[in-house]
Amino acid sequence: SAPPGKGARAGGGPSGGAAAHKKRKESLDLDLDLDLGPELMEVQPLTEGLYPDYRLPLASREDAGRPLCGAIPLEEDNLATGQKVAARVSAAGVPQEWILGTVLRKEGAGKYLIGDDDDTTGATVHNLPLDAVAPLPLAEPPTFTRAHEHTESTHVYAMFPDTTCFYKAKVAVAPSKRRERDYLIEFEDDVDANGRNTWRRVPVKYVVGVPRGW
C-alpha cells in the first residue's frame, strides 16, 4: 500500500477504512513525500494545518514524572472528560482503524464514550472499552529521558500529517536527539517513488505506544 497522495493511504492506508478522515492537502504532500534525512527535515515546519493544536505545555520538574507527561503511561481506568485519545473504531476481525477522538464521558467500568474529532457536528460517537483507547500526552517534560519518549526503533501509532488517523509506525529519531523536540517517524508502507522509506516529523502529542494486545 501507499501513503496519502500516492494511493492507498488516502483511501484508508495500511490500517484500512480511514478514507473519510480529513481532506489531504496535495500541495503539502509534494514537499512531505520527499525522502529527507534528519538535517533536511529541519526545513519542514510543523504547522497547525498539518497537526491542529499540536503544542503541549511544558511540565515543571515537579510534574515531569506524572502520567501522560510525554510517553509516561496512564495506568488507571481514569480518563478525564475532554481527554484527547487515539481510538480503535474498527470492528473485530477487520483491518484496524484508529482515529483522533475526545472522551465525552465514562460509561461504566472500563468503558468510554468517545467523540470522533473529524465530525464537527458531534454526531459520530463510539462506545469503546479502555483497551481500544490510548490517551495522548498532556505535557512535555523539561528534559526528555527514556521514560518520557518512545526510543529509536520502538513501534508506535502516530497520526499521519494532515489527517485524523493513526497508523502503525516506527520511531526513527526520538525527541531527546532533536532540537525541535519532536519525533522523526517512519510509517509502514510510506515510501517515495523509488521505494525508499520516508521519515516524517510528528509532534510528541500525536505519538502513542502500542498497548498490550494491539
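Q: With which residue does the side chain of Asp 77 meet in a salt bridge?
A: In this predicted model, Asp 77 lies in the loop between helix H2 (38-41) and strand E1 (84-88), and the pair links distant parts of the chain, 29 residues apart. Asp 77 is partly exposed, with a relative accessible area of 28%, and its partner, at 42% relative accessibility, also counts as partly exposed. The N to O distance is 3.4 Å, and the partner of Asp 77 is Lys 106.

Q: Is Arg 66, which forms a salt bridge with Asp 63, buried or exposed?
A: The closest N and O atoms of Arg 66 and Asp 63 are 2.8 Å apart, and Asp 63 is partly exposed at a relative accessible area of 31%. For Arg 66 the relative accessible area is 53%, and because the term exposed applies to values over 50%, Arg 66 is exposed.

Q: Which residues are linked with Arg 178 in a network of salt bridges?
A: One contact in this region is the salt bridge between the side chains of Glu 180 and Arg 178, with an N to O distance of 3.7 Å. Glu 180 counts as partly exposed at 29% relative accessibility, whereas Arg 178, at 7%, counts as buried. The network links Arg 178 with Glu 180, Asp 182 and Arg 201.

Q: Which strand supplies the largest share of the largest nonpolar core?
A: This core has 30 residues, and those with the most contacts inside it are Tyr 51, Phe 166, Ile 185, Phe 187, Val 202 and Tyr 206. At least two core residues come from each of E2, strand E6 (155-159), strand E7 (165-173), strand E8 (183-191) and strand E10 (207-209). The largest share, five residues, comes from E7.

Q: Why is E7 largely enclosed by the rest of the structure?
A: Strand E7 runs antiparallel to E2, to which it is joined by two bridges, and it pairs with E6 in the antiparallel sense over five bridges. Four bridges join E7 to E8, again in an antiparallel arrangement. E7 is largely enclosed because, of its nine residues, those that are buried number seven.

Q: Which residue in E7 is the bridge partner of Val 156?
A: Strands E6 and E7 are antiparallel and share five bridges, and their hairpin has five residues between the strands, with Asp 162 taking a positive phi near 60°. Elsewhere in E7, Cys 165 is the bridge partner of Ile 99, and Val 171 stands opposite Ile 185 in E8. For Val 156, the bridge partner in E7 is Ala 169.

Q: What is the relative accessibility of Ala 174?
A: Ala 174 is found in the loop between E7 and E8. Residues up to four places away in sequence aside, Ala 174 touches Glu 149, His 150, Thr 151, Glu 152, Asp 182 and Tyr 183, while its C-alpha atom is separated by 9.3 Å from that of Ser 153, 21 residues apart along the chain. Ala 174 counts as buried, its relative accessibility being 0%.

Q: How many residues are in the other core, which includes Ala 87?
A: In the largest core, Tyr 51 is one of the residues with the most contacts, and beyond its neighbours within four places in sequence Tyr 51 is in contact with residues including Leu 46, Met 159, Arg 201 and Tyr 206. Apart from that core lies another, which has Ala 87, Tyr 112, Leu 128 and Val 133 among its residues and whose count is 10.

Methods:
Residues are numbered from 1 along each chain as its sequence is written. This is a predicted model: local features need pLDDT of at least 70, side-chain atom pairs count only at pLDDT 80 or more; totals for chains, interfaces and linings use all residues. Side-chain values use heavy atoms; hydrogens and water are left out. A salt bridge is a side-chain nitrogen of Lys or Arg within 4 Å of a carboxyl oxygen of Asp or Glu. Buried means under 20% relative accessible area, exposed over 50%, partly exposed in between (1.4 Å probe, protein chains only). A nonpolar core is a set of buried Ala, Val, Leu, Ile, Met, Phe, Trp, Tyr and Cys residues joined through side-chain atoms within 4.5 Å. Contact means heavy atoms within 4.5 Å. Two strands pair if DSSP finds at least two bridges between them.
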